[in-house]
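Here are my comments on the model you sent. Please read them with the structure open.

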Amino acid sequence: MSGQARNERIAGELKRELADILCRETADVRLQLLSISHVRVSRDLSVADVYVVSLKADTAALREKLIHALASAAGFFRKSLSSRTHWQKTPYLRFHYDDLPESGPRLESLIDSVAPREARAAAGTLS
């Protein structure tokens, strides 16, 4: 198994297990309506970057509080992961708010507004 495939497999397992821990073992109301969008694991498997989105975190201040709450609970999550996965070493968890789902439509419309102009310029029809 290649290193990249192994990292992707471990990232997928981390995502599933963390989602289950959040759902079943966490009573913190700040972590309700939270979804893990994706997980990236470092090459040496020592660090996992966990990207989250939340319906409740609709302002920058709420997003910052959410990430702070997750960072505060990182030890709990890591211990739970360790007992569930039985890996030799459980990655250190870093949490990030994933802005892409919210900024994606805006970026897509910007790309669409520029793409036709470039296509016309390439065809020589732009004046």
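The numbered points below cover confidence, one helix, the core and the aromatic residues.

1. Confidence. This is a predicted model. The chain has an average pLDDT of 84, and 80% of the residues score at least 70. Confidence is highest in β3, at 96, and lowest in helix α4 (residues 100-123), where the mean is 62. Any reading of α4 should carry that mean of 62 with it.

2. Length of α3. Helix α3 runs over residues 74-85, twelve residues in total. At 1.5 Å a residue it should span 16 Å, and the end C-alpha atoms are 16 Å apart, so the expected and modelled lengths agree.

3. The buried face of α3. Which residues of α3 are buried? They are A74, F77, S80, L81 and T85. Viewed down the helix axis, these buried residues fall within an arc of 130 degrees, and therefore they line one face of α3. Their packing partners are α1 (3-24), α2 (60-72) and β3 (92-97).

4. After the helix. H86 comes just after α3 and has a positive phi of about 60 degrees.

5. The nonpolar core. The largest nonpolar core contains 28 residues, and V52, L70 and F77 have the most contacts inside it. Two or more residues come from each of α1, β1 (34-41), β2 (47-54), α2, α3 and β3. The largest share is that of α1, with six residues.

6. Surroundings of V52. Leaving aside neighbours within four places in sequence, V52 is in contact with L34, S35, I36 and S37, with L66, I67 and L70, and with H96, Y97 and D98. One of these partners, L70, is itself listed with V52 among the residues with the most contacts inside the core.

7. Aromatic residues. How many aromatic pairs are there? The count is two. In one pair, F76 and F77, the ring centres are 5.7 Å apart and the planes meet at 55 degrees; stacked would need under 30 degrees and edge-to-face over 60, so this pair is tilted. F76, F77 and F95 together form one aromatic cluster.

8. F76 against F77. Is each of these two rings on a buried or an exposed residue? F77 has 1% relative accessibility; buried means under 20%, so F77 counts as buried. F76 has a relative accessible area of 37%, which lies between the 20% and 50% limits, and is therefore partly exposed. F77 thus appears in several points above: on the buried list of α3, among the residues with the most contacts in the core, and in the aromatic cluster.

Notes:
Residues numbered from 1 in each chain as written. Predicted model: local features only at pLDDT ≥ 70, side-chain atom pairs only at ≥ 80, totals over all residues. Heavy atoms only, no water. Helix = DSSP H or I, 4+ residues; strand = E, 2+ residues; numbered from the N terminus. Expected span 1.5 Å × (residues − 1). Buried < 20%, exposed > 50% of the residue type's maximum accessible area, 1.4 Å probe, protein only. Arc of directions from axis to C-beta. Contact = heavy atoms within 4.5 Å. Core = buried A, V, L, I, M, F, W, Y, C linked by side-chain atoms within 4.5 Å. pLDDT = per-residue confidence, 0-100. Phe/Tyr/Trp six-rings, centres within 6.5 Å; stacked < 30°, edge-to-face > 60°.
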